[in-house]
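Student: Could we work through this model together, going from the overall fold to the individual residues that deserve a careful look?
Tutor: Yes, let us take it step by step.

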Amino acid sequence: MYYGSIKKTDIADGPGVRVSLFVSGCRNHCKGCFQPETWDFSYGNPFTEDTEREILKALEPDFIQGFTCLGGEPFEPENQRVLVRFFRKIREEFPKKDIWCYTGYTWDRDLITGGKVHTEVTEEMLSFIDVLVDGRFEEEKKDITLLYRGSRNQRLLNLRRFRESGQDPRTDPSGVLNPDGTYTE
């Protein structure tokens, strides 16, 4: 796997101050994508053990709330197989820090068993993610007033809340963040 960049003090891609990894490789090719160079699976630098150590070190300070993975596309099958191991390390070393992940795929269609990008590691990868921002960027639905999203069709799914409550996010909206960052109760 390759990555385009690492932001060690990101305040745009989730709450608080975060460490963000922008992976390379994306087959969605959304019209109006803000970084189409990341569509290329060989863009940037190889993701190595040194890269992992750099990110883990950046996550150490108490003021860092969590880790965000975006792209490119983290849920491309090639990327999942690398990221699942890394997410596991983050969860083991920093159990109190949250993990956010952005995907152009849709959780309840593409990431489920039999879905477009479901692999043998998808469920485990999802198990480490606290909040999943899903859905393709749709330029005609672009809205710069949305919290942590680029277009109105995208959802903020609190997977941790769904797991803890045992609710299904397809039928229970309480784990979907509102545009202002609050939850529907």
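Student: How many helices and strands are there in the protein chain, and what pattern do they follow along the sequence?
Tutor: Bear in mind throughout that this is a predicted model. The protein chain holds seven strands together with four helices. Read along the sequence, these elements give the pattern β-β-β-α-β-α-β-α-β-β-α.

Student: Among contacts between residues at least 6 apart in sequence, what percentage join residues at least 24 apart?
Tutor: The chain has 185 residues, of which 50% are buried, and it exposes about 9100 Å², with carbon and sulfur atoms supplying 51% of that area. Among the contacts between residues at least 6 apart in sequence, the share that joins residues at least 24 apart is 63%.

Student: Which helix supplies the largest share of the largest nonpolar core?
Tutor: That core has 36 residues, and those with the most contacts inside it are Leu21, Phe67, Phe75, Phe87 and Ile129. Several elements each supply at least two of its residues, among them strand S1 (2–10), strand S4 (64–70), helix H2 (77–93) and helix H3 (122–128). The largest share, six residues, comes from H2.

Student: Which residues does Phe87 contact, leaving aside its neighbours within four places in sequence?
Tutor: Phe87 is one of the residues with the most contacts inside the largest nonpolar core. With neighbours within four places in sequence left aside, the contacts of Phe87 are Phe67, Cys69, Ile99, Cys101, Met125, Phe128 and Ile129.

Student: Which residues that line the largest pocket are the closest to its centre?
Tutor: The largest pocket has a volume of about 710 Å³, and 33 residues line it. This lining divides into 14 nonpolar, 11 polar and eight charged residues. The closest to the centre of the pocket are Phe34, Tyr102, Phe137, Gly150 and Gln154.

Student: Which two residues are joined by a cis peptide bond?
Tutor: One partner in this bond, Gly72, lies in the loop between S4 and H2. The omega angle of the bond is about 20°, and the residues joined are Gly71 and Gly72.

Student: What is the phi value of His29, and what is that of Tyr148?
Tutor: His29 is found in the loop between S2 and strand S3 (45–46), whereas Tyr148 has its place in the loop between S6 and S7. Each is partly exposed, with a relative accessible area of 42% for His29 and 21% for Tyr148. Neither residue is a glycine, but phi is positive in both, near 50° for His29 and about 60° for Tyr148.

Student: Why is Arg152 classed as partly exposed rather than exposed?
Tutor: The place of Arg152 is in the loop between strand S6 (131–134) and strand S7 (155–158). A residue counts as exposed over 50% relative accessible area and as buried under 20%. Arg152 falls between these cut-offs and is therefore partly exposed, its relative accessible area being 48%.

Student: How far apart in space are Arg152 and Lys141, C-alpha to C-alpha?
Tutor: Not counting residues up to four places away in sequence, Arg152 touches Glu140, Lys141, Lys142, Asp143 and Leu146. Lys141, one of these residues, is 11 residues from Arg152 in sequence, and the C-alpha to C-alpha separation of the two in space is 5.5 Å.

Conventions. Residues are numbered from 1 along each chain as its sequence is written. This is a predicted model: local features need pLDDT of at least 70, side-chain atom pairs count only at pLDDT 80 or more; totals for chains, interfaces and linings use all residues. Side-chain values use heavy atoms; hydrogens and water are left out. On a 1 Å grid over the protein atoms alone, a cavity is a set of points where a 1.4 Å probe fits but cannot get out, and a pocket is an open set with protein on both sides within 12 Å along at least five of seven lines; lining residues have an atom within 4 Å of a point. Grid points are joined across faces, edges and corners, and a volume is the space filled by probe spheres set on the points. Ala, Val, Leu, Ile, Met, Phe, Trp, Tyr, Cys and Pro count as nonpolar, Asp, Glu, Lys and Arg as charged, and the others, Gly among them, as polar. A nonpolar core is a set of buried Ala, Val, Leu, Ile, Met, Phe, Trp, Tyr and Cys residues joined through side-chain atoms within 4.5 Å. Buried means under 20% relative accessible area, exposed over 50%, partly exposed in between (1.4 Å probe, protein chains only). Contact means heavy atoms within 4.5 Å. Accessible areas come from the Shrake-Rupley method with a 1.4 Å probe; for residues, only the protein chains shown count as cover.
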